[in-house]
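The following exercises concern domains, salt bridges and pockets in one protein. Please inspect the sequence and the structure before working through the solutions.

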Amino acid sequence: MRFGATQAVKSLSLDVRQGEFFSILGPSGCGKTTLLRLISGFLQPTAGQVLINGKDMVGVPSNMRATAMIFQSLALFPFMRVWENIAFGLEARGVGTAERRREAERLLELIALPGYGNRMPGELSGGQRQRVAIARALAIQPQVLLLDEPLSALDLKLRQHMRAELRDLQKRTGVTFIYITHDQSEALAMSDQVAVMNGGELQQIGTPQELYSHPKTAFVAEFVGENNALTGTVTEVSGGTAVLEGPQGRFSGRAGAGLNPGAKARLYVRPEALSPSSETGENRLKLAIERFDFEGAFATAYALLQGTGSPQRMFMTISQQGLSDAPAIGAPFTAGFSAEDAIVLSDD
């Protein structure tokens with residue numbers, strides 16, 4: 001998809017299965033919203049196809065597609081009652097008042113807001129308005145519901161609550177959800193499948209567990225969840241394991257695709273895979289803790305890698321129960337990790 005000389009979405013292909021909660025995850029400006037607008041019909045592609053149930057939608061206007069879209073702003077009509085907001089799309093299709101009201105009340109039951117039909121949007125909480133926007137989109141019985149960062153304006157507690165509500169609602173209705181977000185925690189918590197985008201390109205598609213545990217590119221490893229990275233040169237690739245040597249030492253991990261000896265690469269290890277250890281073990285790091293950030297059930301230890309010239313910060317997760325045995329701030333210690341818990345990926 002081009003806008004003049006700018007290519008917002010480059011060559012990509014993805015399939016979303018019927019009844020799936022599918023998220024498109026990526027940083028601002030990566031092309032995810034453009035992709036959503038191509039699916040909805042608000043934009044027409046400069047090349048390629050958009051197929052819904054096998055039918056080419058290129059040239060089909062948005063109001064003639066089996067899709068509905070929920071925007072970040074929700075765009076409820078402030079001077080219409082809740083039931084009128086929900087039934088607005090039905091009114092535009094010529095459905096009578098009594099039938100519109102019945103359908104609105106059915107949808108209010110579905111979103112757990114029975115009896116709220118005569119209220120005004122301004123009388124609702126942020127989460128309730130969110131649910132009304134979803135009910136309005138479902139009223140026209142779309143095959144695909146498109147959601148463009150709908151939770152970004154909500155506070156943390158409400159976002160977490162609405163994640164569970166959206167997931168539950170999608171499963172109960174069976175409608176295909178395509179959800180746009182830059183928030184990795186949202187995508188991981190709600191989705192059956194996640195597509196990660198960067199710079200208009202598709203980096204990887206997989207389940208949340210696959211993306212977290214088996215990233216295929218350095219971008220996915222760094223964007224999805226917290227990760228520690230050690231840079232160096234690949235010296236050996238054998239039996240699915242790669243050896244990396246660099247300023248921080250010699251380390252081994254699972255070999256990513258396309259690795260060859262001599263390649264510049266990075267080894268990634270998650271904070272929860274690092275643990276204080278003895279001098280034995282296949283991968284060891286000399287660290288000194290700067291500080292602990294207590295986060296309830298666990299704490300994040302921020303530590304500096306020792307003996308490498310320029311300081312490098314590493315992250316380590318320690319359970320609440322393990323804090324009493326954690327190294328003291330400023331005291332050097334050895335942390336270790338298994339090769340199975342690390343992955344080596346090319347810099348390319």
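Four exercises follow, each with a worked solution.

This is a predicted model, in which local features need pLDDT of at least 70 and side-chain atom pairs count only at pLDDT 80 or more, while totals for chains, interfaces and linings use all residues. Residues are numbered from 1 along each chain as its sequence is written, and side-chain values use heavy atoms, with hydrogens and water left out.

**Exercise 1. Domains**

Identify the domains of the protein and state what distance separates their centres.

Solution. Step 1: domain 1 covers 2-213 and domain 2 covers 226-346, with bounds that come from an automatic or database domain assignment. Step 2: taken over C-alpha atoms, the centres of domain 1 and domain 2 are 39 Å apart.

**Exercise 2. A salt bridge within a helix**

Describe the salt bridge between Glu105 and Arg101, and decide whether these residues are buried, partly exposed or exposed.

Solution. Step 1: apply the criterion, namely a side-chain nitrogen of Lys or Arg within 4 Å of a carboxyl oxygen of Asp or Glu. By this rule there are 13 salt bridges. Step 2: between Glu105 and Arg101 the N to O distance is 2.9 Å. Step 3: both residues belong to helix α4 (residues 97-110), where they stand four residues apart, about one turn of the helix. Helices (H or I, at least four residues) and strands (E, at least two) are DSSP runs, numbered from the N terminus. Step 4: buried means under 20% relative accessible area, exposed over 50%, and partly exposed in between (1.4 Å probe, protein chains only). Glu105 is partly exposed because its relative accessibility is 26%, and Arg101 is partly exposed because its relative accessible area is 26%.

**Exercise 3. Salt bridges between distant parts of the chain**

Locate the partners of the salt bridges Lys171 with Asp192 and Glu222 with Arg266.

Solution. Step 1: the closest N and O atoms of Lys171 and Asp192 are 3.2 Å apart. This pair links distant parts of the chain, with Lys171 in helix α6 (residues 156-173) and Asp192, 21 residues apart from it, in the loop between α7 (184-190) and β9 (193-198). Step 2: Arg167 joins Lys171 and Asp192 in a network of salt bridges. Step 3: for Glu222 and Arg266 the closest N and O atoms lie 2.7 Å apart. Glu222 is in helix α9 (residues 218-223) and Arg266 in strand β14 (residues 264-269), 44 residues apart. Step 4: Glu222 is partly exposed at 42%, as is Arg266 at 28%.

**Exercise 4. The largest pocket**

Characterise the largest pocket by its volume and its lining.

Solution. Step 1: on a 1 Å grid over the protein atoms alone, a pocket is an open set of points where a 1.4 Å probe fits, with protein on both sides within 12 Å along at least five of seven lines; lining residues have an atom within 4 Å of a point. Grid points are joined across faces, edges and corners, and the volume is the space filled by probe spheres set on the points. Step 2: the largest pocket holds about 900 Å³. Step 3: it is lined by 32 residues, of which Leu14, Ile39, Gln49, Val50 and Leu51 are the closest to its centre. Step 4: helix α1 gives the most to this lining, with three residues. Step 5: the lining comprises 16 nonpolar, twelve polar and four charged residues, where Ala, Val, Leu, Ile, Met, Phe, Trp, Tyr, Cys and Pro count as nonpolar, Asp, Glu, Lys and Arg as charged, and the others, Gly among them, as polar.
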